[in-house]
Amino acid sequence: MVAYYSPAATGLENDTETKILQAAQQLFARQGYGGTTTRDLAQAAGVAEGTLFRHFESKKAILLKVAADGWTELLTDLLTELSEMANYKAIDQVMQHRIDDIPRNADLMRVCFMEAQLHPELQGPVQGEMLAKMVDVTEAFFQTAIDRGIYRPLNPRVLAQIFLGMFAIAGFTHSALGDQANTSEQVQAFAQGLSDVFLNGVLTERDCATETQPVLDR
């Protein structure tokens with residue numbers, strides 16, 4: 001996945017808006033929304049402060065646009081990954097691609113997952129809506145696998161939430177605490193580990209047979 005805001009936008013107005021959004025994504029992620037002024041945004045975008053307000057009515061409107069477009073990007077990527085999976089057991093492929101993208105899209109991810117948490121107005125119309133769509137898409141994927149007898153008959157919505165949560169939390173932890181120069185082999189091993197835990201759990205087969213699973217069963 002390429003950096004989110006592409007400089008290939010056509011037209012002067014679109015190009016100016018793109019520059020503003022690029023600058024906002026970077027500054028909000030690194031300085032925080034509260035620590036970034038409209039003057040900072042204008043300087044980083046290479047435009048006059050008045051120009052910034054001709055495109056957006058406020059700094060908050062810029063944050064809303066960055067977050068909304070960011071969630072759309074993440075949802076689109078998820079749809080693409082799930083549709084291109086070789087089979088229902090190839091979860092590690094999705095995990096690896098998403099983890100590979102975290103360093104390249106760190107600013108976007110920080111704004112969507114972290115900075116937006118500080119602003120209630122984002123959690124409903126933007127973050128909540130897009131997260132719900134991501135869960136819906138993933139739930140449908142798991143429901144199909146269950147219907148085909150590939151996955152156990154568990155609650156597909158709970159599975160979707162667990163899957164997305166594992167990727168988000170484990171992926172960020174790996175990126176933040178791991179070696180910044182992780183090799184492709186290390187990333188692959190981490191993705192395979194996530195996939196193995198998700199698909200098979202951590203208990204031995206013997207232990208699993210003696211345990212009940214009341215939480216996930218429908």
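**Exercise 1. How many aromatic pairs does the structure hold?**

Before counting, a few ground rules. This is a predicted model, where local features need pLDDT of at least 70, side-chain atom pairs count only at pLDDT 80 or more, and totals for chains, interfaces and linings use all residues. Residues are numbered from 1 along each chain as its sequence is written, and side-chain values use heavy atoms, with hydrogens and water left out.

*Solution.*
- Step 1: Rings of Phe, Tyr and Trp (its six-membered ring) pair if their centres lie within 6.5 Å; planes under 30 degrees apart are stacked, over 60 edge-to-face, and the rest tilted.
- Step 2: With that rule, the structure holds eight aromatic pairs.

**Exercise 2. Classify the pair Y88 and F141, then place it in the chain.**

*Solution.*
- Step 1: The ring centres of Y88 and F141 are 5.1 Å apart and the planes meet at 35 degrees, so this pair is tilted.
- Step 2: Y88 sits in the loop between α4 (59-83) and α5 (91-104), while F141 belongs to helix α7 (residues 120-147); the pair, 53 residues apart, links distant parts of the chain. Helices here are DSSP runs (H or I, at least four residues), numbered from the N terminus.
- Step 3: F141 also pairs with F142, edge-to-face, at 5.3 Å centre to centre and 70 degrees between the planes.
- Step 4: Y88, F141, F142, Y151, F163 and F198 form one aromatic cluster.

**Exercise 3. Are F141, F142 and V202 buried or exposed?**

*Solution.*
- Step 1: Recall the cut-offs: buried is under 20% relative accessible area, exposed over 50%, and partly exposed in between (1.4 Å probe, protein chains only).
- Step 2: F141 has 11% relative accessibility, so F141 counts as buried. F142, at 0%, counts as buried.
- Step 3: V202 has a relative accessible area of 71% and is therefore exposed. You will find V202 in the loop between α9 (184-200) and α10 (205-210).

**Exercise 4. Describe the chain as a whole.**

*Solution.*
- Step 1: The protein chain has ten helices and zero strands (a strand would be a DSSP run of E, at least two residues).
- Step 2: Of its 218 residues, 42% are buried.
- Step 3: Take contacts (heavy atoms within 4.5 Å). Among those between residues at least 6 apart in sequence, 69% join residues at least 24 apart.
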